[in-house]
Amino acid sequence: METKELTQIEKGTQKIELVKGEFTPSEASHIIMNLIDQKINFHKLQRLQIWEGNHECKTNQLDGRIEELEREKEIARNFISSIRGLGQNLIIDGVLKISVAK
């Protein structure tokens, strides 16, 4: 991946090729599960920090996001398992888009 100096227009939105390529089902599973686990752990840490500040706080939004990610993880696991028996590889194109909140 090539790094270049950003122009003024390019600073508003950026894309990062986080994952790109062809992977065996085992490799793809490892990559995807680890990415999702990292995001789940991020939200769990946020939830813990909020709870430490106020034991009566509501963390419904974080709880919902964690549950959503757990479901997505299971969907990915099932998809990869279905491909594993076919002897085929998987292509992952994971682009992270970053933009300025308005």
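A residue is called partly exposed when its relative accessible area lies between the limits for buried, under 20%, and exposed, over 50%. Arg77, with a relative accessible area of 35%, is therefore partly exposed. This term is used throughout the description below, which concerns a predicted model.

The protein contains 2 helices and 2 strands. Read from the N terminus, these elements follow the order β-α-α-β. Strand β1 covers residues 13-23 and strand β2 covers residues 90-99, while helix α1 spans residues 25-53 and helix α2 spans residues 60-84. Of the 102 residues in the protein, 19% are buried. The exposed area comes to about 8,300 Å², of which carbon and sulfur atoms supply 53%. Contacts between residues at least 6 apart in sequence were also examined, and 72% of them join residues at least 24 apart.

In soluble globular proteins, nonpolar side chains tend to be buried together. The largest nonpolar core in this model has 7 residues, namely Val19, Phe23, Ala28, Ile80, Ile83, Leu90 and Ile92. Two or more of these residues come from each of β1, α2 and β2. The surroundings of one core member, Leu90, can be listed in detail. With residues up to four places away in sequence set aside, Leu90 touches Phe23, Ala28, Ile80 and Ile83, and also Gly21, Glu22, Pro25 and Phe79.

Nonpolar residues are also found on the surface. Ile16, Leu18, Leu35, Leu96 and Ile98 form a nonpolar patch of about 400 Å². Strands β1 and β2 are the elements that each give two or more residues to this patch. Ile16 belongs to strand β1. The relative accessible area of Ile16 is 34%, so this residue is partly exposed. Another patch member, Leu35, is located in helix α1. Leu35 has a relative accessibility of 41% and therefore also counts as partly exposed. Apart from residues up to four places away in sequence, the contacts of Leu35 are with Leu18 and Val19. Of these two, Leu18 is listed in the patch and Val19 in the largest nonpolar core. The C-alpha atom of Leu35 is separated by 9.6 Å from that of Lys73, a residue 38 positions away along the chain.

The model has 5 salt bridges. One of them pairs Lys73 with Asp37, with 2.5 Å between the closest N and O atoms. Because Lys73 lies in helix α2 and Asp37 in helix α1, this pair ties together parts that are 36 residues apart in sequence. The two partners fall into separate exposure classes: Lys73 counts as buried at 12% relative accessibility, whereas Asp37 counts as partly exposed at 25%.

Two further salt bridges lie within helix α2. In one, the side chains of Arg65 and Glu68 meet at an N to O distance of 3.0 Å. These residues are 3 apart in the helix, so about one helical turn separates them. Arg65 is partly exposed at 30% relative accessibility, and Glu68 is partly exposed with a relative accessible area of 35%. In the other, Glu74 is bridged to Arg77, and the closest N and O atoms are 2.8 Å apart. Glu74 and Arg77 are likewise 3 residues apart in helix α2, about one turn of the helix. Glu74 is partly exposed, its relative accessible area being 35%, and Arg77 has a relative accessible area of 35% as well.

Two buried residues with polar side chains complete the description. His43 is part of helix α1 and is buried, with a relative accessible area of 8%. The side chain of His43 makes a polar contact of 3.1 Å with that of Gln46. Beyond its neighbours within four places in sequence, His43 is in contact with Leu62, Arg65, Ile66 and Leu69. Among these partners, Arg65 is the residue that forms a salt bridge with Glu68. Thr59 is placed in the loop between α1 and α2. The relative accessible area of Thr59 is 14%, which means that this loop residue is buried. When neighbours within four places in sequence are left aside, Thr59 is in contact with Arg47 and Ile50.

Technical notes
Residues are numbered from 1 along each chain as its sequence is written. This is a predicted model: local features need pLDDT of at least 70, side-chain atom pairs count only at pLDDT 80 or more; totals for chains, interfaces and linings use all residues. Side-chain values use heavy atoms; hydrogens and water are left out. Patches are made of residues with over 30% relative accessible area and no salt bridge: like charges are joined within 9 Å, nonpolar side chains (Val, Leu, Ile, Met, Phe, Trp, Tyr) within 5 Å. Accessible areas come from the Shrake-Rupley method with a 1.4 Å probe; for residues, only the protein chains shown count as cover. A salt bridge is a side-chain nitrogen of Lys or Arg within 4 Å of a carboxyl oxygen of Asp or Glu. Helices (H or I, at least four residues) and strands (E, at least two) are DSSP runs, numbered from the N terminus. Buried means under 20% relative accessible area, exposed over 50%, partly exposed in between (1.4 Å probe, protein chains only). A nonpolar core is a set of buried Ala, Val, Leu, Ile, Met, Phe, Trp, Tyr and Cys residues joined through side-chain atoms within 4.5 Å. Contact means heavy atoms within 4.5 Å. A polar contact is a pair of N or O atoms within 3.5 Å; within protein, one must be able to donate a hydrogen and the other to accept it, and residues adjacent in sequence count only if both atoms are side-chain atoms.
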